[in-house]
Amino acid sequence: MGFEKNILCIGAGYVGGPTMAMIAYKCPQYKVLVVDIDKDKIKAWNSASLPIFEPGLDEIVTKSRGRNLFFSTEIEKGIEESEIIFVSVNTPTKTFGQGAGRAADLQYWEKTAREILAHSKDSKVVVEKSTLPVRTASAMERILNENSAGMHFEVVSNPEFLAEGTAIRDLENPDRVLIGSRETPEGIKARKAVAEIYLNWVPKKKIIESNVWSSELSKLTANAFLAQRISSINSISALCEKTEADVDEVANAIGMDSRIGPKFLKSSVGFGGSCFKKDILNLVYICESYGLDKAARYWESVVEINDWQQNRFVQNMLSNMFNTVAGKRIAIFGFAFKADTGDTRESPAIYVAQGLLEEHAEVVITDPKALENAKKDLKPFKQGVTFQADPYKAAKGAHAVAVLTEWDVYRTLDYKRIFNSMVQPAFLFDGRNILDHKKLFDMGFNVFAIGKAPLKHF
Ligand code: UDX
Ligand code: ADP
């Protein structure tokens, strides 16, 4: 059977994999090929055990794989046969040279653009799916259109707003789909070609078209605003701990103001994930490079508050456990950066575990999905850390339990059983405010929650 369109996605990660699986699932008339340089990852995408955990992903991959969804390492062939190429390769923070620690490292993107150019035989639309600095499209166009074969490449920005853990829901029913292009006839045509894909399941009114620079900058800005809300409420959590105000009550009260809204006001040990910190630092770097120092400092403070919040959590554990955790067993409940994912990139749990290990605590990590990643993250620590799938076993003989990921499973554990198996006095630090603190206190725990007065028996 011939397909109406051949779509390629370069990069089979957390964004490329689920996004293309959704396109293939909703559009059986298109052939969707996802390629990656990582052979093991592609092998996993072609197996029963997908390389990422995402609720609902298995089902849509199984329905489309082999029908119109394909995973392969044959990048060259993929480029040659596709008319629309999504690029979803990683854009980590630069670790060297100018802008180190802040600017986006565009080497993978540029390498991909050169590969597209080398293996194309005709004109194509190239879609930026990865989050990129504003004005990247201009550099990419220059590389791609520097050819003598008469081929024309139109670079379109179509940032992905999915959040991990809810990726399938977000892809199926997005708040909006943003498509930016040059405002030339070719640019508008390319933008429409991308919109046509989404129109297979997304209502027209949710598809926004804009100029390419607005689209690139909107993605960075959306992440910066979301992170800013978390840092704002986290800064208030510190004040709540001093004043006996309760941060959840404050969040509830302000969130009912329709101008503020209730989402992203959950105080926590800090935000993690591959996007927020990276994108804000990138925004800071871009502001600085245009001489906008005030704006740069403003956004930088969002990351500083997040670092401070994680540090405060560790300091709070230390000071309440009689200023020493050396030799004490501490169970960390949850290592993923949020619930419903196995991803641990920039997880606050990494920072907290490191802080405790540096204080010579015996750290036991438990998590329903992220233990393999946790092992990689804590590899530099040869001693003091163990991994345990069963939370009851992790807590047995511990002086303290610290909840760092809001997994549902931790809400319903038998905490009386856990309390009885721990060293007394038993401490519980709730970094996500998901537990019933009064009940735990009545059981005998000394309870310390973010943005709440401590509940101690001494
Ligand atoms: C984010 C954006 O939400 C998404 O639109 C973008 O495409 C990618 O970056 P993601 O990082 O997957 O998605 O997860 P998100 O749900 O935004 O959570 C990020 C971090 O903030 C997590 O560590 C989460 O636990 C934390 N968080 C979130 C809070 O601490 N409090 C909140 O109220 C919300
Ligand atoms: P994201 O969260 O943005 O999806 P990931 O790191 O999960 O980021 O995925 C990016 C993917 O891009 C990785 O699987 C990586 O192997 C792949 N990749 C990087 N460079 C190239 C390239 N030149 N060609 C093909 N795939 C690439």
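# Buried charges, helix 6 and two cavities

Student: Is E141 buried or exposed?
Tutor: This is a predicted model, and the value is computed from it. The relative accessibility of E141 is 11%. The cut-off for buried is under 20%. E141 falls below that cut-off, so E141 counts as buried.

Student: Which side chain meets E141 in a salt bridge?
Tutor: A salt bridge needs a Lys or Arg nitrogen within 4 Å of a carboxyl oxygen of Asp or Glu. For E141, the N to O distance is 2.7 Å. The partner is R182.

Student: How many residues apart in the chain are E141 and R182?
Tutor: E141 sits in helix 6. R182 sits in the loop between strand 7 (177–181) and helix 8 (185–198). The pair links distant parts of the chain, and the separation is 41 residues.

Student: Is R182 buried, partly exposed or exposed?
Tutor: Buried means under 20%, and exposed means over 50%. R182 has 29% relative accessibility. That value lies between the two cut-offs, so R182 counts as partly exposed.

Student: How many residues of helix 6 are buried?
Tutor: Helix 6 is mostly covered. Among its buried residues are T136, A137, S138 and I143. M140, E141 and L144 belong to that group too. Out of nine residues, the buried ones number seven.

Student: Which elements are included in what covers those buried residues?
Tutor: The cover includes both helices and strands. The strands named are strand 5 (124–128) and strand 6 (153–157). The helices named are helix 5 (107–119) and helix 9.

Student: Which residues does M140 touch, beyond its sequence neighbours?
Tutor: M140 lies in helix 6, residues 136–144. M140 is buried because its relative accessibility is 3%. Setting aside residues within four places in sequence, its contacts are W109, E110, A113 and V155.

Student: How far apart in space are M140 and E128?
Tutor: In sequence, twelve residues separate M140 and E128. In space, taken C-alpha to C-alpha, the distance is 9.7 Å.

Student: Which is the nearest side chain of opposite charge to K219?
Tutor: K219 is in helix 9, residues 212–243. K219 is buried but has no salt bridge. The salt-bridge limit is 4 Å. The nearest opposite charge is 5.4 Å away, on D279.

Student: Which residues does K219 touch?
Tutor: Residues up to four places away in sequence are not counted. That leaves T131, P159, E160 and F161.

Student: Which element gives the most to the lining of the second largest cavity?
Tutor: This cavity has a volume of about 50 Å³. Its lining includes K219, along with S215 and E216. E128, T131 and P159 are also among the lining residues. The top contributor gives three residues, and that element is helix 9.

Student: How many charged residues are in that lining?
Tutor: The lining of the second largest cavity has two nonpolar residues. Four more are polar. The charged residues number three.

Student: How many residues does helix 12 give to the lining of the largest cavity?
Tutor: The largest cavity holds about 60 Å³ of space. Two elements give two or more residues to its lining: helix 12 (293–320) and strand 14 (446–449). Helix 12 gives the most, and its count is four.

Student: How many nonpolar residues line the largest cavity?
Tutor: The lining consists of E241, Q309, R312, F313, N316, F448, A449 and I450. Two are polar and two are charged. The nonpolar count is four.

Student: Which residue forms a salt bridge with K452?
Tutor: The closest N and O atoms are 2.9 Å apart. K452 is in the segment after strand 14, and its partner is in helix 10 (residues 247–255). The two are 204 residues apart. The partner is D248.

Student: Which class does the accessibility of K452 give, and which that of D248?
Tutor: K452 has a relative accessible area of 15%, so K452 is buried. D248 stands at 22%, so D248 counts as partly exposed.

Student: What is the relative accessible area of D408, which pairs with R411?
Tutor: D408 and R411 form a salt bridge, with closest N and O atoms 2.8 Å apart. R411 is partly exposed at 40%. D408 is exposed, with a value of 54%.

Student: Which residues do salt bridges with shared partners join into one network?
Tutor: The whole structure has 27 salt bridges. Some share partners, and these join R102, E288, D293, R297 and E300.

Notes
Residues numbered from 1 in each chain as written. Chains lettered and ligands numbered in written order. Predicted model: local features only at pLDDT ≥ 70, side-chain atom pairs only at ≥ 80, totals over all residues. Heavy atoms only, no water. Buried < 20%, exposed > 50% of the residue type's maximum accessible area, 1.4 Å probe, protein only. Lys, Arg positive; Asp, Glu negative; His and termini not counted. Contact = heavy atoms within 4.5 Å. 1 Å grid on protein atoms, 1.4 Å probe; cavity = no way out; pocket = protein on both sides within 12 Å on 5 of 7 lines; lining within 4 Å. Points joined across faces, edges and corners; volume = space filled by probe spheres on them. Nonpolar A, V, L, I, M, F, W, Y, C, P; charged D, E, K, R; others polar.
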